[in-house]
Amino acid sequence: MHDASRISTCARRGLAAVVAAGSLLTVLTTATPAAAGSASTPVGGSKVVCTSQQPGLAPALSQDIADALQGREGASALAIYDRRTKTHCEFKAGAHFDSASVVKVTVLGALLRQAEEAHRKLTPHEVRLTTAMITKSDNDSTTKLWRQVRPAGIQRFLSLAGMRHTVPGPHGAWGLTQITAADQLRLMRLLTADNAVLTAASRGYALDLMHRVIPDQRWGVPAGAPDADAVHVKNGWLPRKTDGWRVNSVGTFNGSGTDYGMAVLSTGNHTMDDGVTTVERAAKVIHRDLTH
């Protein structure tokens, strides 16, 4: 009787294991269609790596971005997200670049965070400075706000925003802040979704300024964006004695069913136009693949 009881118990356990395994297999099989597809395409010694829950999108994006960047002079990096298709792409997204004027969005974010913590609105003077800083890329306004916020304020915002690989420029040289495409994309995400760092009012204020950038500074990542999309952009350009022109562009795009953003950074460009071309070649294929 004892042996029979053991056999019966083992049989029941075996059946339970089979049922559990079958249930797990069902879960895994059911989950497969929703799992993100991934693809990578080499460019030089690095790869464009994309993931997406939309079938076929990851390989298309990785190949098209690689083709757009192939053969371009200097060095570049990018990162993109698309909330609709749960798509993410990176190319050397952790590499550091001189920020030039794209850091001005970070300065704005730090100022807005400080105002929130002080439970106050921006003063009329701050409104004038931030408007000039973002819409016209005014350097004097940026310098005044950088000094007002102070390095500690910039660093606090970076920490709260999770921009852990961004290093503020030394001795007030805000244009030499070291940025990565990944951190810049994190900032674009922060501006376009509910979070504990910036209120909806602060995010709306920042996006409104980025939407009102003057016409001759609306190049870069807006290239190829759908006409129906609301475009929010900030560009940066800086020539230096070594490694030529730094040309960077970050932005978000929202329209009928669209919700995505990108950061494209470049250095070592012979001319500013060369850098703009590199950024826009990548941006055009990204817009096309995400919206068609």
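This report covers a strand hairpin, salt bridges, a disulfide and unusual backbone angles in one predicted model.

Residues are numbered from 1 along each chain as its sequence is written, and side-chain values use heavy atoms, without hydrogens or water. Because the model is predicted, local features need pLDDT of at least 70 and side-chain atom pairs count only at pLDDT 80 or more, while totals for chains, interfaces and linings use all residues.

**Hairpin**

Helices (H or I, at least four residues) and strands (E, at least two) are DSSP runs, numbered from the N terminus. Two strands pair if DSSP finds at least two bridges between them. Strand β7 spans residues 230-239, and strand β8 spans residues 245-254. The two pair in the antiparallel sense, over 10 bridges. K234 faces V250 of β8 across the pairing, standing opposite this residue. Together β7 and β8 make a hairpin, with 5 residues between them. In the turn, D243 has a positive phi of about 65°.

**Salt bridges**

A salt bridge is a side-chain nitrogen of Lys or Arg within 4 Å of a carboxyl oxygen of Asp or Glu. The rule gives a count of 11 salt bridges. Three of the pairs are listed here, including their N to O distances.

| Pair | N to O distance |
|---|---|
| R288 and D64 | 2.9 Å |
| R186 and D183 | 2.7 Å |
| R288 and D289 | 3.4 Å |

The salt bridge of R288 and D64 links distant parts of the chain. R288 sits in helix α8 (residues 272-291), D64 in helix α2 (residues 57-69), and 224 residues separate them. R288 also meets D289 in a salt bridge. D64, R288 and D289 are thus linked in a network.

How exposed are these side chains? Buried means under 20% relative accessible area, exposed means over 50%, and partly exposed lies in between (1.4 Å probe, protein chains only). R288 is partly exposed, at 40%. D64 is buried, at 18%. D289 is buried as well, with a relative accessible area of 12%.

The pair R186 and D183 belongs to helix α6 (residues 181-191). These two are 3 residues apart, so about one helical turn separates them. R186 is partly exposed at 34% relative accessibility, whereas D183 is buried at 0%.

**Disulfide**

A disulfide is a pair of cysteine sulfur atoms within 2.5 Å. The whole structure holds 1 disulfide. C50 is joined to C89, with an S to S distance of 2.1 Å. C50 lies in strand β2 (residues 46-52) and C89 in strand β4 (residues 87-91), so the pair ties together parts that are 39 residues apart in sequence. The torsion about the S-S bond is about 115°, so this disulfide is right-handed. C50 is buried, at 0% relative accessible area. C89 is buried, also at 0%.

**Positive phi**

Most residues other than glycine have a negative phi. Which residue of helix α5 has a positive phi of about 70° although it is not a glycine? The residue is R150, and helix α5 spans residues 139-161. R150 is exposed, at 55% relative accessibility. H171 is another residue other than glycine with a positive phi, near 55°. H171 is found in the loop between α5 and β6 (178-179). At 85% relative accessibility, H171 is exposed.
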